[in-house]
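Colleague: Could you take me closely through one part of this predicted model, the largest pocket, and tell me what lines it? I would also like to hear about the surface elsewhere.

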Amino acid sequence: MFNQLTHWLRSADTTGLLTFLATLLLAGYRLLHPLIQAKLQTVHNTQKLQALKLADELAGAIIPELAKMTELEPQQRKAEAIQFINQHLKTLGLSLTDETIAAKVEQAYHNYQRPPN
């Protein structure tokens, strides 16, 4: 009887320890998960901002060169600019949608047509 009681206490102690560890793990996950997600989102947003800034700079650099290529139609020039920017961004491990890059190209073209005074 005494052996059964000690065995039950040991298993209860082991079960309690396992329950405590499981609860601690679950609570840690619930507390840390939002913090990790926020950090990942911040990193993602920083990369997106870098990609947008670089796309602005690349569009500003390529537009004057493409404007000199009169043998290309305007749509072909735009497609070339989009491809140029997309290629450079991918080389750096960054990405933007084609629509975003197209908007950056159009903005750079308008800035090129109307230089600041």
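Modeller: The largest pocket in this predicted model has a volume of about 260 Å³. The residues that line the largest pocket are Ile63, Leu66, Ala67, Pro74, Gln75, Arg77, Lys78, Ala81, Val105, Glu106, Tyr109 and His110, and the elements that give two or more residues to this lining are α1, α2 (74–91) and α3 (98–113). Of these elements, α2 provides the largest share of the lining, with 5 residues. Sorted by class, the lining of the largest pocket holds 7 nonpolar, 2 polar and 3 charged residues.

Helix α1, which covers residues 2–67, also carries residues that can be looked at apart from the pocket. Leu21 is found in this helix, and together with Leu17, Leu18, Phe20 and Leu24 it makes a nonpolar surface patch of about 510 Å². Leu21 has a relative accessible area of 44%, and because this value lies between the 20% and 50% cut-offs, Leu21 is counted as partly exposed.

Gly28 has its place in helix α1 as well, and with a relative accessible area of 24% Gly28 is likewise partly exposed. For a sense of distance, Gly28 and Gln87 are 59 residues apart in sequence, while in space they are 42 Å apart, taken from C-alpha to C-alpha.

Terms used
Residues are numbered from 1 along each chain as its sequence is written. This is a predicted model: local features need pLDDT of at least 70, side-chain atom pairs count only at pLDDT 80 or more; totals for chains, interfaces and linings use all residues. Side-chain values use heavy atoms; hydrogens and water are left out. Patches are made of residues with over 30% relative accessible area and no salt bridge: like charges are joined within 9 Å, nonpolar side chains (Val, Leu, Ile, Met, Phe, Trp, Tyr) within 5 Å. Accessible areas come from the Shrake-Rupley method with a 1.4 Å probe; for residues, only the protein chains shown count as cover. A salt bridge is a side-chain nitrogen of Lys or Arg within 4 Å of a carboxyl oxygen of Asp or Glu. Helices (H or I, at least four residues) and strands (E, at least two) are DSSP runs, numbered from the N terminus. Buried means under 20% relative accessible area, exposed over 50%, partly exposed in between (1.4 Å probe, protein chains only). On a 1 Å grid over the protein atoms alone, a cavity is a set of points where a 1.4 Å probe fits but cannot get out, and a pocket is an open set with protein on both sides within 12 Å along at least five of seven lines; lining residues have an atom within 4 Å of a point. Grid points are joined across faces, edges and corners, and a volume is the space filled by probe spheres set on the points. Ala, Val, Leu, Ile, Met, Phe, Trp, Tyr, Cys and Pro count as nonpolar, Asp, Glu, Lys and Arg as charged, and the others, Gly among them, as polar.
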